[in-house]
Amino acid sequence: MMNNYSMIINGQSVAGEAGSFAVIDPATAAPFAECQAASLAQLNQAVDAADTAFNTWQHSSHDERKALLHKIADSIEAHAAELAEVIVREQGKPLPLAQMEVGGAVAWTRYTAELEIPVEIVEDSENKRIEMHRKPIGVVGSILPWNWPLMIAVWHIMPALRAGNTVVVKPSPLTPFNTLRLVELMNEILPAGVVNVLADERELGPAMSSHDKIRKIVFTGSTPTGQHIMRSAAANLKRLTLELGGNDGGIVLPGADLDAIAEGIFQTSFLNMGQTCAALKRLYVHESQYDELSNKLIAIAQQQKVGSGFEEGVSFGPLQNKMQYDLVNRLIAEAKADGATINETADIPAGNGYFIAPTIVTNACAGMAVVDQEQFGSVLPVISYTDVEDAIAQVNASENGLGGSVWGADIDEAQKVASRLECGTAWINGHAEVLPHAPFGGCKMSGFGVEFGQEGLLEYTTIQVVNINR
Ligand code: NAD
C-alpha cells in the first residue's frame, strides 16, 4: 500500500529518477516498503515549478488562501485514520499518539489559516505617509526530521503558504510516506506547483540548502545539520528558521507537591519515547525530595506497556531508528560504568524492534554523557542538588537553549527561577507543551527564529516599507 505514495512536482505524481530506498518499521527493524528517490534534476524541476507558481500565488488574496487552508484541514481530518496508520508504521509511536499528531496537524492548519498579516502605519502626517507591508519571500525549502513528521511538515508548510510563498518539502528518509501523502492531499486542493514534495536518502537536503532559487529554508533537526545548512545558505543569503536540538533541564524546587507533578514530569520527559526536541531531558531535584521523587518516577516507568504502536493498550513504542537505539543504549551503559544507578524498567517485547523501556537513571551528575548530551530517547537522568543557584547554573551550562522548566507550589518563586533559564520557552509545572498561538523557538545552539503565532507567520515574510510624499 505505502509503495503507492509518490513524489509530486508541479501537481503531478512523478517516479523517482534516482532509484529507491527501504523504509523500516521500527517495531520489527525490518523494511516494509520502498520509497522512490528524486534526482538533482528533479529537485531543479520542483524548484522551477514552485518559482513559477509563486508568480501568481503571491498575489492570491488573504481570503482565498485562508479558504484553501481550511479545505486542506478538512482533507487531513477526512484522511485522519490513514495518516495515523502511516505514522505508526514508519515512525513507531502508539496509535493514540499518532492520532493526536494528526489532530495537531488539523488544529495548526486551521489556526494558521485565520492569522492576519496587517499593514502597519509607521507615519501618517500632513506631508507624509509611511506604510510597512509584509511580502512573501519566494520559494521556501522545508527539511523535516523523523520524530513528529506530519505535525512538523504542517508547522513548516502552512505558514509559508498562508504568507504567500510556495514550497518544496523534503521529509526525513526515515519517515517519508506521511509527508508524501499530505502533499498529495494538498495538491487536490491547491494550484499546481504551490507545494512540491521530493524524497531521497542524502543528497537533496544539501542541494536544497545551496539552491539559488530557494529563498528561505525552514529546518527542524539536529544542530550539526543546522550548521551545514547555514553555511550552504550563505551563497544566496537565504532566510533561515532553525529549530535544532535541545537538552532541556527541569528544576524541582524544594517543597514541591510530588504527587501533583510526578506524572507530568514523566509524561513530558518521555513524550514520543523521549524523541521530542523540547522534552524534559535532565531533571534536577532538591536533595530533600530526591529519593521520593525518583521512586515515583521509577514506579510510573515500570507501569508502562511497551510494544508495537498498533497493539491495543501499548503506552510506549520503539525508538524510531537504529542510530537512536544504539545511542540511548550506549548512554545508559556509559552512565552505569560512570557510577549511576540504572533502575529496573518495564518489560520489552521479544524480537528485533528498537525497544528500550523508559529508563530512570538516578545518582546521575554532570560529566556523564547521559546528562551532558541530548539523548533524544527513552532515558531520563535525575540529578540531586543542594542549592537552587547551583541547579540553575547546571541547567544553563548546556550549549543548547530550547526549553526549560521549574516545578513547585510557589508560582512566584518558580517564575523568578524560570526567568533565569537560558532558553526559548520556560514552563512552570509543565514542559514540552507547544501551542499554535505561542511562539516557539530556541536560543544558543538550539537555533533561531520562532514558529507559531503571529511572530512565527511573519518569519515567512519580508518587510517592504512604502514611503509616500504627498
Ligand atoms: P537530522 O539533522 O539528522 O535530519 C533532519 C533532516 O535533515 C533530514 O530530512 C535529513 O535528511 C536532512 N539532512 C541531513 N543532512 C543534511 C545536510 N547536510 N543538509 C541539509 N539537510 C540535511 O535530524 P533528525 O535526526 O531527523 O532529528 C533529530 C534532531 O532534531 C534532534 O536533535 C532534535 O532535538 C531535533 N528537533 C528539533 C526540533 C525543534 O523544534 N527545535 C523539533 C524536532 C526535532
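Hi everyone. Let me start with a term: a residue is called buried when its relative accessible area is under 20%. Keep that in mind as we walk through this model, which is a predicted one.

Take Tyr354 as our opening case: its relative accessible area is 8%, so Tyr354 is buried. What about the rings more broadly? The structure holds 10 aromatic pairs.

One of them joins Phe266 and Phe270: the ring centres lie 4.7 Å apart and the planes meet at 35°, so we call this pair tilted. Both partners are tucked away by our cut-off. Phe266 has 2% relative accessibility and counts as buried, and Phe270, at 4%, counts as buried too.

Now back to Tyr354, which pairs with Tyr325. Here the centres are 5.7 Å apart with the planes at 45°, so this pair is tilted as well. Where do the two tyrosines sit along the chain? Tyr325 belongs to helix 11, residues 322-337, while Tyr354 lies in the loop between strand 14 (341-342) and strand 15 (359-364). They are 29 residues apart, so the pair links distant parts of the chain. And whereas Tyr354 is buried at 8%, Tyr325 is partly exposed, at 23%.

If you're turning the model on your screen, look for a cluster too: ring pairs link Trp108, Trp155, Phe440 and Phe452.

Finally, rings and charges. The charged end of Lys93 sits over the ring of Trp148, 3.7 Å from the ring centre. Likewise, Lys216 places its charged end over the ring of Tyr460, with 4.6 Å to the centre.

Thanks for listening, everyone!

Key
Residues are numbered from 1 along each chain as its sequence is written. This is a predicted model: local features need pLDDT of at least 70, side-chain atom pairs count only at pLDDT 80 or more; totals for chains, interfaces and linings use all residues. Side-chain values use heavy atoms; hydrogens and water are left out. Rings of Phe, Tyr and Trp (its six-membered ring) pair if their centres lie within 6.5 Å; planes under 30 degrees apart count as stacked, over 60 as edge-to-face and the rest as tilted. Buried means under 20% relative accessible area, exposed over 50%, partly exposed in between (1.4 Å probe, protein chains only). Helices (H or I, at least four residues) and strands (E, at least two) are DSSP runs, numbered from the N terminus. A charge sits over a ring if NZ of Lys or CZ of Arg is within 6 Å of the ring centre and within 35 degrees of the ring normal.
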